[in-house]
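Biologist: Got a minute to walk me through this model? I'd like to start with a loop and then move to the ligand.

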Amino acid sequence: MNELDVDHFHRTGWLLTSPFFAERVKDLRSWVDDVQSWPDEGDWLHYRERTEYGPRLCRTENFVPFHSQLRQLLTAGPILEIAGALLGEPALLYKEKINYKMAGGAGYAPHQDAPAYRFVDTHVSCMIAIDDSLVENGCLEVVSGHHEKLLPVNGRGCIVDEVVQQMSWEAVEVKAGDVLWFHSLTPHRSGPNNSACDRRAMYPTFNAASEGNLRQAYYEQKLREFNETPRTAGTVQVSLINDFEGRPV
Ligand SMILES: O=C(O)CCC(=O)C(=O)O
């Protein structure tokens, strides 16, 4: 692993890393294929969207209890070490998701993650690219140097338009197997997948271990809030904010 540019992360709110060998990238693909093939019945959480090619899986959450290699990947080794280095203390997995963004899949409105995360203010997340993530298939776009405070939000919990327009958005293309880290206050967004190929990515989120092991509490709270909050018509709610722009099936 190359030396970690922690200063870049503190300065900009994001950092691109390459912690895996080529062989591991093949594993990542095959492990994500496993999760993608699971049926709807199970304690993992699958979400679907309507695309021009028909209904498609758009996200799976809560998969580490059911996949030993992915559990190992996200709770030990280089990913956990980098999370700890960026948080400045040992890290624990807070939550995990795979966004599939299949051909024709929708993007995400400009947002910060922090308002969707309960119990603790500081998290770090990363995007582990499973397929190459490019402008044409909806790579992440980030704003540098704006990870100090919460920004004003609209009714969907996303950053208000006036602020979005004033910011300088940078598309970060990421090769399969590379890992893009971002702070929970880093503004980010992504476009739809306008290509013919899927753009899958895994997103683990970590909190400082000194704040406790909060993963189970996060998923219990997410299910509680989903059950108690009425759905906004015409949207697919995959998060505790309404950032996903997909259409319901
Ligand atoms: O996968 C993407 O394109 C963006 C994901 C994202 O911003 C999110 O899930 O909060």
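Modeller: Sure. Asn62 is buried, with 20 other C-beta atoms within 10 Å; buried means 20 or more such neighbours, with C-beta atoms placed from the backbone. This is a predicted model: local features need pLDDT of at least 70, side-chain atom pairs count only at pLDDT 80 or more, and totals for chains, interfaces and linings use all residues. Residues are numbered from 1 along each chain as its sequence is written.

Biologist: What's the phi of Asn62?

Modeller: Positive, about 55°, although Asn62 is not a glycine. Asn62 lies in the loop between strand S3 (54-61) and helix H3 (68-75); helices (H or I, at least four residues) and strands (E, at least two) are DSSP runs, numbered from the N terminus.

Biologist: And Lys101, buried or exposed?

Modeller: Buried, with 30 other C-beta atoms within 10 Å of Lys101. Its phi is positive too, about 35°, and Lys101 sits in the loop between strand S4 (91-99) and S5.

Biologist: OK, the ligand. Which residues surround it?

Modeller: Lys101 is one of them, and others include Asn99, Tyr108, Leu140, His188 and Asp243. "Near" here means a C-beta atom, placed from the backbone, within 6 Å.

Biologist: Switching topic: in what order do the strands of the open sheet run?

Modeller: S5-S10-S7-S8, 4 strands with antiparallel pairing; two strands pair if DSSP finds at least two bridges between them. The edge strands are S5 (108-111) and S8 (169-172).

Biologist: How many bridges join S7 to S10?

Modeller: 3, between residues 140-143 and residues 188-190. Val142 stands opposite His188 there.

Notes
A residue is buried if 20 or more other C-beta atoms lie within 10 Å of its own, exposed if 12 or fewer, and partly exposed in between; C-beta atoms are placed from the backbone.
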